[in-house]
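Hi,

Here is the structure I promised to pass on. Have a look at it first, and then read my notes below.

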Amino acid sequence: MELNLTSIRNTQITLSVCQAGDDLSITLYGGEKGHIGAVTLGFAYQEKIQFQTLVVPEHKEAFLTEQLIQYIVPKYAKTCVISCGIHWDNISNEEITQAVNDSIQLLEEYLTSTVVD
């Protein structure tokens, strides 16, 4: 399933989701140049959310992938992987906040419209 949202500077953020049994594989990309900047794998283990993140040097998407993993795993998936790459040149702090909120909105739109057992 794929969802799109027009975000800052009239560019698109895309959320692509593949459900694999009880697990989710999510790709979040867009802005002026979509790419892969960080990948986080999360799962529940011994009643705690565990996750590991790989980050491309000089990329900052890990804060978003880790935040989303901690939200998704306890409620919607046994295991979840999120790859993320959203880029704008010379982005301001206000634009970062808006892009993060837009990304979360896309994810929530998916989660509320899809039954994930």
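Which residue in β2 does L5 stand opposite? It's I13. Bear in mind throughout that this is a predicted model.

That pair belongs to β1 and β2, which run antiparallel and are joined by five bridges. The two strands make a hairpin with five residues between them, and in the turn R9 has a positive phi of about 55°. The next hairpin along is made by β2 and β3, with just two residues between the strands; here G21 sits in the turn, with a positive phi of about 65°. β2 and β3 are also antiparallel, paired over eight bridges, and L15 faces L28 in β3 across that pairing.

Now for the whole sheet. It is open, has six strands and mixed pairing, and reads β1-β2-β3-β6-β4-β5 in order. At the edges are β1 (2-6) and β5 (48-55), each of which pairs on one side only. On average, neighbouring strands are turned by 15° against each other, ignoring direction.

The parallel part to look at is β3 with β6: residues 23-31 of β3 and residues 79-87 of β6 pair in that sense over eight bridges. If you want a landmark there, T27 stands opposite S83 in β6.

Then the helices. α1 (residues 62-76) packs on the sheet and touches β3, β4 (38-45), β5 and β6. Its direction makes about 155° with that of β5. α2 (residues 93-113) lies across β1, β2 (12-20), β3 and β6, and runs at about 35° to β2. So that you can place them by strand: β3 and β6 are on the list for α1, and they are on the list for α2 as well.

Last, the pockets. The largest one has a volume of about 390 Å³. It is lined by 16 residues, and the closest to its centre are K60, E61, I86, H87 and I91. α1, β6 and α2 are the elements that give two or more residues to this lining, with α2 providing the largest share, four residues. By type, the lining divides into nine nonpolar, four polar and three charged residues.

When you open the model, I'd start at the L5 and I13 pair, go across the sheet in its strand order, and finish at the pocket around K60, E61, I86, H87 and I91.

Cheers

Conventions:
Residues numbered from 1 in each chain as written. Predicted model: local features only at pLDDT ≥ 70, side-chain atom pairs only at ≥ 80, totals over all residues. Heavy atoms only, no water. Pairing = 2+ DSSP bridges. Axes fitted to C-alpha atoms, helices over the stretch in contact; angles between N-to-C directions. Contact = heavy atoms within 4.5 Å. 1 Å grid on protein atoms, 1.4 Å probe; cavity = no way out; pocket = protein on both sides within 12 Å on 5 of 7 lines; lining within 4 Å. Points joined across faces, edges and corners; volume = space filled by probe spheres on them. Nonpolar A, V, L, I, M, F, W, Y, C, P; charged D, E, K, R; others polar.
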